[in-house]
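Open the model in a viewer and keep the selection box at hand. Each stop below says what to select and what is there.

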Amino acid sequence: VCLFLWGKAIDRYRASRVVPLSILAMGITPLLYACAGDIRILYLAAVFWGIGFWSIDLLVMNTLMEIVPSSDVVKYTGLHYSLMGLRGFTAPFLGIFVARCIGIRPTFFIGALLMFLGAFFTYKIYALFLKIEVR
């Protein structure tokens with residue numbers, strides 16, 4: 001269902017405009033983790049993660065097709081997945097280290113802040129380089 005809805009959003013607004021929304025949806029997850037008082041909040045966090053996560057592959061492919069020459073799409077796709085693999089390998093270790101230093105809740109707040117900043121800068125970069133109208 002999420003892929004269908006994200007696909008419609010891409011068709012209507014372009015992938016490069018929709019990527020920051022996907023990052024925002026994923027950024028809500030650590031914020032909810034930090035604020036969770038009971039298990040129901042974690043269910044809600046899983047919904048937001050699913051909404052954001054399932055769009056990333058679709059959005060990255062569409063964005064690459066929008067902004068890079070077709071001969072380079074494979075190279076950038078490989079780079080994207082390599083960096084995501086590196087992040088997936090290192091992030092848990094870094095997260096554990098930070099959580100031991102400052103506590104779990106502040107760590108989740110920092111994670112949410114980084115995701116929100118990532119969404120903001122992604123939107124600004126796309127606006128700058130792709131001439132997307134920023135309102």
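The tour goes from the whole chain to single helices and then to single residues.

**Whole chain**

Start with everything shown as a cartoon, and keep in mind that this is a predicted model. The protein chain has five helices and zero strands. Read from the N terminus, its elements run α-α-α-α-α. Switch to a C-alpha trace: along the principal axes, the trace spans about 45 × 30 × 25 Å.

Colour by relative accessibility next. Of the 135 residues in the protein chain, 30% are buried. A contact map adds one more figure for the chain: among contacts between residues at least 6 apart in sequence, 66% join residues at least 24 apart.

**Helix H1**

Select residues 2-13, which form helix H1. H1 has twelve residues, and the distance from its first C-alpha to its last is 16 Å, close to the 16 Å expected at 1.5 Å a residue.

Which residues of H1 are buried? Show side chains for Trp6, Gly7, Ala9 and Ile10, the buried residues of H1. They lie on the same side of H1 because they cover an arc of only 160° around the axis. Add residues 15-35, helix H2, to the view, along with H3: the buried residues of H1 pack against these two helices.

Now turn the view to the face of H1 that points away from the buried side. Exposed residues on that face are Phe4, Leu5, Lys8, Asp11 and Arg12.

Move on to Arg14, just after H1, and read its backbone torsions. Arg14 takes a positive phi of about 85°.

**From Arg14 to Asn62**

Keep Arg14 selected and add Asn62, which lies in helix H3. The two residues are 48 apart in sequence, yet their C-alpha atoms are 8.2 Å apart in space. Asn62 touches Ile10 and Ala15, leaving aside residues up to four places away in sequence. Ile10 was met above as one of the buried residues of H1. Is Asn62 itself buried or partly exposed? Its relative accessible area is 23%, so Asn62 is partly exposed.

**H3 against H4**

Select residues 39-67 for helix H3 and residues 73-102 for helix H4. As a general matter, two packed helices are described by the angle between their axes and the distance between the axes. For H3 and H4 the angle is about 145° and the axes are 10 Å apart. The crossing of H3 and H4 is right-handed.

Display the side chains at the contact. H3 supplies Ile56, Asp57, Val60, Met61, Leu64 and Met65, while H4 supplies Val73, Tyr76, Thr77, His80 and Tyr81. Sorted by class, this contact of H3 with H4 has eight nonpolar, two polar and one charged residues.

**Phe53 on H3**

Stay on helix H3 and select Phe53. Phe53 counts as partly exposed because its relative accessibility is 41%. Draw a distance to Leu31: the C-alpha atoms of Phe53 and Leu31 are separated by 16 Å, with the two positions 22 residues apart along the chain as the spacing.

**Gly37 in the loop**

Go to the loop between H2 and H3 and select Gly37. With a relative accessible area of 73%, Gly37 is exposed. Add Trp54 to the selection: Gly37 and Trp54 are 17 residues apart in sequence, and their C-alpha atoms are 26 Å apart.

**Phe93 on H4**

Return to helix H4 and select Phe93. How does Phe93 count at 56% relative accessibility, buried or exposed? The cut-off for exposed is over 50%, so Phe93 counts as exposed. A C-alpha to C-alpha distance from Phe93 to Phe121 reads 25 Å, and the two are 28 residues apart in sequence.

**Thr122 on H5**

For the last stop, select residues 104-130, helix H5, and pick out Thr122 within it. Buried means under 20% relative accessible area; at 18%, Thr122 therefore counts as buried. Which residues does Thr122 touch, not counting those up to four places away in sequence? Show Val19, Pro20 and Ile23, the three that Thr122 touches on that count.

Note on methods
Residues numbered from 1 in each chain as written. Predicted model: local features only at pLDDT ≥ 70, side-chain atom pairs only at ≥ 80, totals over all residues. Heavy atoms only, no water. Axes fitted to C-alpha atoms, helices over the stretch in contact; angles between N-to-C directions. Helix = DSSP H or I, 4+ residues; strand = E, 2+ residues; numbered from the N terminus. Left-handed = near helix turned anticlockwise from the far one by under 90°. Contact = heavy atoms within 4.5 Å. Nonpolar A, V, L, I, M, F, W, Y, C, P; charged D, E, K, R; others polar. Expected span 1.5 Å × (residues − 1). Buried < 20%, exposed > 50% of the residue type's maximum accessible area, 1.4 Å probe, protein only. Arc of directions from axis to C-beta.
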